[in-house]
Amino acid sequence: MKEKIKKFVKKHPVLEKYVRLLINERKIKEISPVKIIKGKNNVLDIDNSVIMNSCKFDIVGNNNKIEIKESSILNNVTFFIRGNNNRIIIGKRVRFNRGGSVWIEDYECEAVIGENTTFEDSHISVTEPNSKIHIGTNCMFAYNIDLRTGDSHSIINSISNERINYAQNINIGNHVWIASHVSILKGVNIADNSVIATRAVVTKSFSDSNILIGGIPAKKLKENINWDRQRLYK
């Protein structure tokens, strides 16, 4: 019976491709993540269907929670937390294909990634108390992408001696495509159905949806656009 199934699958290249993917995912699931957890009441709530390969949890603090929902696949992802009462939520069917990190410092911080969002390799950094990064559903991130709510160090006004660079939240809407080598800095909001071009440095918010953003610093390049994961031909 097994031989008959093998012969049938070999006659159908597309079916064979998906069978190989399923086999590889089963192998990946057997590799347990590294867990370095110090403190009290830290919770890892990971659904049984989640597949993880070469991932790491490095947590020092109390009352932190990481929730990873159904059918997500994470490769080479590091979850780093230093502080208390922080939360990371990875939605359903999220994929980190090559790698990445979710980095939190201080307390009452939050990183939320919506369902069906995919990453090649991205660094998501939430620093300073009460700051947040929220990423919507069905977004597509390329590689070498950096999002950070704060600068991790202080810039001081030399006259007033007041700090001028406190952290600010980042919000990425639904169905946003972020190309490679993009940096998104504190206080940025991106509306739905937008595209951010390669190597853009985004320092301000864009409230219009369906736009192309690019440049250093980033500006609106085109309006009335949308995008699709598929290569569409005439």
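**Exercise 1. Classify Asn 85 as buried, partly exposed or exposed, and describe its setting.**

Solution. At 33% relative accessibility, Asn 85 counts as partly exposed, since buried means under 20% relative accessible area, exposed means over 50%, and partly exposed lies in between (1.4 Å probe, protein chains only). The model is predicted, so that local features need pLDDT of at least 70 and side-chain atom pairs count only at pLDDT 80 or more, while totals for chains, interfaces and linings use all residues. Residues are numbered from 1 along each chain as its sequence is written, and side-chain values use heavy atoms, with hydrogens and water left out.

The next step is to locate Asn 85, which is found in the loop between β7 and β8 (87-90). Helices (H or I, at least four residues) and strands (E, at least two) are DSSP runs, numbered from the N terminus. Finally, Asn 85 has a positive phi of about 60° although it is not a glycine.

**Exercise 2. Carry out the corresponding analysis for Asp 106.**

Solution. Asp 106 lies in the loop between β9 (95-105) and β10 (110-113). Its phi is positive, about 85°, although Asp 106 is not a glycine. With 34% relative accessibility, Asp 106 counts as partly exposed.

**Exercise 3. State the strand order of the open sheet of seven strands, and explain why β2 and β17 each have one side without a neighbour.**

Solution. The order is β2-β5-β8-β10-β12-β14-β17, with parallel pairing; two strands pair if DSSP finds at least two bridges between them. β2 (43-46) and β17 (189-190) stand at the edges and have a single partner strand each, so one side of each is left without a neighbour in the sheet. For β2, strand β5 (residues 65-68) pairs in the parallel sense over four bridges. Within this pairing, Leu 44 stands opposite Ile 66 in β5.

**Exercise 4. Determine how many aromatic pairs there are, and classify the pairs Phe 57 with Phe 79 and Trp 177 with Trp 227.**

Solution. Rings of Phe, Tyr and Trp (its six-membered ring) pair if their centres lie within 6.5 Å; planes under 30 degrees apart count as stacked, over 60 as edge-to-face and the rest as tilted. By this rule there are five aromatic pairs.

The ring centres of Phe 57 and Phe 79 are 5.0 Å apart and their planes stand at 5°, so the pair is stacked. Because Phe 57 lies in strand β4 (residues 56-60) and Phe 79 in strand β7 (residues 77-82), this pair ties together parts that are 22 residues apart in sequence. Both Phe 57 and Phe 79 are buried.

Trp 177 and Trp 227 form a tilted pair, with 5.8 Å centre to centre and 50° between the planes. Trp 177 lies in strand β15 (residues 177-178) and Trp 227 in the segment after β21 (219-222), so the pair ties together parts that are 50 residues apart in sequence. Trp 177 is partly exposed, at 32% relative accessible area, whereas Trp 227, at 8%, counts as buried.

**Exercise 5. Identify which residues of the largest nonpolar core touch the most other members.**

Solution. A nonpolar core is a set of buried Ala, Val, Leu, Ile, Met, Phe, Trp, Tyr and Cys residues joined through side-chain atoms within 4.5 Å. Of the 45 residues in the largest core, Phe 79, Ile 135, Leu 147, Ile 172, Ile 184 and Val 202 touch the most other members. The largest share of this core, four residues, comes from strand β13 (residues 140-148).
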